[in-house]
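Here are my notes on this one, in the order I'd look at things. Have the model open while you read.

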Amino acid sequence: MLRDGLGSDIALEEMARLTRAATGQSAADVDGALRQARSVARHDGRAVAARDVLTALSPDAEEHNPARERRIALHECGHAIVGTCLGLGKITRVVLTSQGGQAWMAYASGEHLLGDLEAELTYSLAGRAAERLILGNAAAGAGGNAMSDLAHATQTATGIDTRMGLGAEGLVWLDTSSAAYLRVPQNAARIRVRLEAAEARAMRMLETRKLLLTRMADDLLEVGLLEGARLEAWLARVREPSARKGDGINTGSTVGAMKEVESRDA
């Protein structure tokens with residue numbers, strides 16, 4: 001829709017910014033933004049420009065922040081790489097948005113063994129691990145609300161003990177919230193150890209693919225959205241032993257379709 005509205009000669013960087021602003025909006029929202037942009041351009045007596053559409057899509061968007069966008073790109077690519085290494089499912093989309101970023105995964109059917117749950121913890125904390133590996137520290141983007149990576153990981157780690165009969169409490173089901181369970185210092189310490197181990201596992205996977213991580217993140221920054229053949233080319237390199245060398249990549253391969261069923265926010 002954006003290319004039809006602006007023409008195929010739009011600069012790649014401008015298209016990437018528009019894609020981020022449009023992500024999460026409906027087709028009607030995008031169509032309305034294009035109409036508004038054309039109206040503004042007609043009023044000014046000029047051709048419609050990308051900035052007109054960007055303003056219509058995201059009038060209150062914060063100022064462009066390259067450092068923040070790179071952190072988010074590394075975070076989301078960290079999820080994609082670790083999720084692929086663990087075989088949790090198929091990463092179907094990695095995207096930068098005006099609010100942050102997302103990595104979408106179609107989860108494979110698992111047996112919900114302890115190892116499966118620990119793999120989920122590792123995936124949840126992979127974005128944070130990617131930030132620490134490349135930038136030396138992690139931002140608060142992995143935490144925040146109840147839908148965040150850190151919240152999901154904490155709930156899963158607590159559930160291993162309280163609701164799944166696979167942890168420290170043994171064969172028992174406890175009707176208690178994560179918040180109540182973690183008020184006990186011994187419980188909080190044990191859950192923290194489990195989460196730190198999961199993050200360390202993600203870090204080890206990313207350390208051997210460090211250059212691949214940075215190049216994938218650079219590509220995401222350039223185009224704003226990785227999916228289809230472009231994304232599959234990166235994930236194919238993750239699965240190859242040579243991915244540890246992180247050398248060049250061919251983005252012209254093909255990939256089959258799969259339903260998108262899950263996302264992670266930065």
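1. Let's start with a single side chain. Leaving aside residues up to four places away in sequence, L182 touches T154, T158, N187, A188 and I191. Bear in mind that this is a predicted model.

2. Where does L182 lie? L182 is in the loop between α9 (178–181) and α10 (185–207). Despite those contacts with T154, T158, N187, A188 and I191, L182 counts as partly exposed, because its relative accessibility is 26% and the buried class stops under 20%.

3. One of the contacts of L182 is T158. The two residues are 24 apart along the chain, and their C-alpha atoms are separated by 8.2 Å. Across the protein, take the contacts between residues at least 6 apart in sequence: 68% of them join residues at least 24 apart.

4. On to helix α8, residues 149–162. How far apart should its ends be? With 14 residues at 1.5 Å a residue, α8 should span 20 Å, and its end C-alpha atoms are indeed 20 Å apart, so expected and computed spans agree.

5. Is α8 mostly covered or mostly open? Mostly covered: eleven of its 14 residues are buried. The buried set includes T154 and T158, which are also among the residues that L182 touches. The rest of the buried set is D149, A151, A153, T156, A157, G159, I160, D161 and T162.

6. For the wider setting, the protein has twelve helices and four strands. Buried residues make up 42% of its 266 residues. The protein exposes about 13500 Å², with carbon and sulfur atoms supplying 51% of that.

7. Please also look at the second largest pocket, which holds about 280 Å³ of space. Which elements each supply at least two residues of its lining? They are α2 (12–22), β1 (89–96) and β3 (225–227). The largest share, four residues, comes from α2.

8. What is the make-up of that lining by class? The second largest pocket is lined by six nonpolar, two polar and four charged residues. If you want to pick them out on screen, the lining residues are R3, L12, M15, A16, T19, T23, R93, V95, V223, L225, E227 and R230.

Definitions and conventions
Residues are numbered from 1 along each chain as its sequence is written. This is a predicted model: local features need pLDDT of at least 70, side-chain atom pairs count only at pLDDT 80 or more; totals for chains, interfaces and linings use all residues. Side-chain values use heavy atoms; hydrogens and water are left out. The expected span of a helix is 1.5 Å times one less than its number of residues. Buried means under 20% relative accessible area, exposed over 50%, partly exposed in between (1.4 Å probe, protein chains only). Contact means heavy atoms within 4.5 Å. Accessible areas come from the Shrake-Rupley method with a 1.4 Å probe; for residues, only the protein chains shown count as cover. On a 1 Å grid over the protein atoms alone, a cavity is a set of points where a 1.4 Å probe fits but cannot get out, and a pocket is an open set with protein on both sides within 12 Å along at least five of seven lines; lining residues have an atom within 4 Å of a point. Grid points are joined across faces, edges and corners, and a volume is the space filled by probe spheres set on the points. Ala, Val, Leu, Ile, Met, Phe, Trp, Tyr, Cys and Pro count as nonpolar, Asp, Glu, Lys and Arg as charged, and the others, Gly among them, as polar.
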